[in-house]
Amino acid sequence: MAVIPWPLRPVPHGVPPAVEATAASAWALMRTRRTVLPKRLVAPGPSAAELSAILDAAAHAPDHGQLLPWRFVLVPEAARAALAEVFAQALAERDEAATPEQLALAREKAYRAPVLLLAVVDAGRGDPRIDLAERLVSTGCALQNMLLMATAQGYGSALTSGRALKSAGLRALFGLGPDELALCFLSIGSVQARKVAARTRPGAGSYVSTLGADGVVQPFDPAEGRG
């Protein structure tokens, strides 16, 4: 993996070199992560030990109230056929004119990527004062931790969604409770092919602003650090 320059200001006096090295490694890992579509993810997937590390990474996400408002369901090869039928059924319910070819494509999506997990969010678990938005943020952090760990291990990964996530068949297959939401699928595997050009990432100035002392929100100036 190529070393990516660490873009921060010079290290303040007294900061151990190991801390700076850790920060640089984290920055390189974040910049290296890319979404690789499931159709480009092939065997071999993570070993049992590697998958365990990916799953353990989720536990380090922020979790207001320690609710554990999310869970993940692994879909092994033996269960892919059942998921494939759910995908086909969901398409048929949405589109009565769906062709056999379209239904076959819907089924095929269940067999992509060596590792497939469903992310589930519980909107009712624990303290009712902690609303769904906070639970979703926690779930997103857990997913990002898992994506980064997969990247660190050399695997490609992706988050995918779709209208089938809201279907009655999928809810029944995964045993979702009345307050649970099927958020997305997480796919992990070896990268068969990548896009030639990496996505251009926005600069902080395009999504950060500063609240001034006069109460007026102003454009963010990266040169000013904390604004």
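What follows is a friendly conversation about a predicted model of one protein chain.

Modeller: Residues are numbered from 1 along each chain as its sequence is written, and side-chain values use heavy atoms, with hydrogens and water left out. Because the model is predicted, local features need pLDDT of at least 70 and side-chain atom pairs count only at pLDDT 80 or more, while totals for chains, interfaces and linings use all residues.

Biologist: How many helices and strands are in the protein chain?

Modeller: Helices (H or I, at least four residues) and strands (E, at least two) are DSSP runs, numbered from the N terminus. Read from that end, the elements run α-β-α-β-α-α-β-α-β-α-β-β-β. The chain has six helices and seven strands.

Biologist: What percentage of the residues in the protein chain is buried?

Modeller: Buried means under 20% relative accessible area, exposed over 50%, and partly exposed in between (1.4 Å probe, protein chains only). The chain has 227 residues, and the buried share is 32%.

Biologist: Which residues touch the most other members of the largest nonpolar core?

Modeller: A nonpolar core is a set of buried Ala, Val, Leu, Ile, Met, Phe, Trp, Tyr and Cys residues joined through side-chain atoms within 4.5 Å. This one has 23 residues, and the elements that give two or more of them are α3, α4, β3 (115-122) and β5. The largest share, seven residues, comes from α3. The members touching the most others are L83, F87, L118, L170, F174 and F185.

Biologist: Which residues are in contact with L170, leaving aside its neighbours within four places in sequence?

Modeller: Contact means heavy atoms within 4.5 Å. L170 is among the core residues that touch the most other members. Its contacts are L83, V86, F87, L118, A164, L165, A182 and F185.

Biologist: Which aromatic pair links helix α3 and strand β5?

Modeller: Rings of Phe, Tyr and Trp (its six-membered ring) pair if their centres lie within 6.5 Å; planes under 30 degrees apart count as stacked, over 60 as edge-to-face and the rest as tilted. The whole structure holds three such pairs. The one linking α3 and β5 joins residues 98 positions apart in the chain, and its rings are edge-to-face at 5.8 Å centre to centre, with 90° between the planes. Its two residues, both buried, are F87 and F185.

Biologist: Which elements give two or more residues to the lining of the second largest pocket?

Modeller: On a 1 Å grid over the protein atoms alone, a pocket is an open set of points where a 1.4 Å probe fits, with protein on both sides within 12 Å along at least five of seven lines; lining residues have an atom within 4 Å of a point. The second largest pocket is lined by 21 residues, with F87, A106, K109, R112 and S161 nearest its centre. The elements giving two or more residues to that lining are α3 (80-94), α4 (100-108) and β5.

Biologist: Is T139 buried or exposed?

Modeller: T139 sits in helix α5, residues 132-152. Beyond residues up to four places away in sequence, T139 touches W70, V121 and L183. Its relative accessibility is 0%, so T139 counts as buried.

Biologist: And is Q192 buried or exposed?

Modeller: Q192 lies in the loop between β5 (180-191) and β6 (209-211). Not counting residues up to four places away in sequence, Q192 touches K39, R40 and V42. Its relative accessibility is 54%, so Q192 counts as exposed.

Biologist: Which peptide bond is cis, with omega near 5°?

Modeller: Most residues other than glycine have a negative phi, and most peptide bonds are trans. The bond you ask about leads into P44, found in the loop between β1 (41-42) and α2 (48-58). The cis bond runs from A43 to P44.

Biologist: What is the phi of A113, which is not a glycine?

Modeller: A113 is found in the loop between α4 and β3. At 4% relative accessibility, A113 counts as buried. Its phi is positive, about 70°.

Biologist: Where does L68 lie?

Modeller: L68 also has a positive phi, about 50°, although it is not a glycine. L68 is partly exposed, with a relative accessible area of 41%. Its place is the loop between α2 and β2 (70-74).
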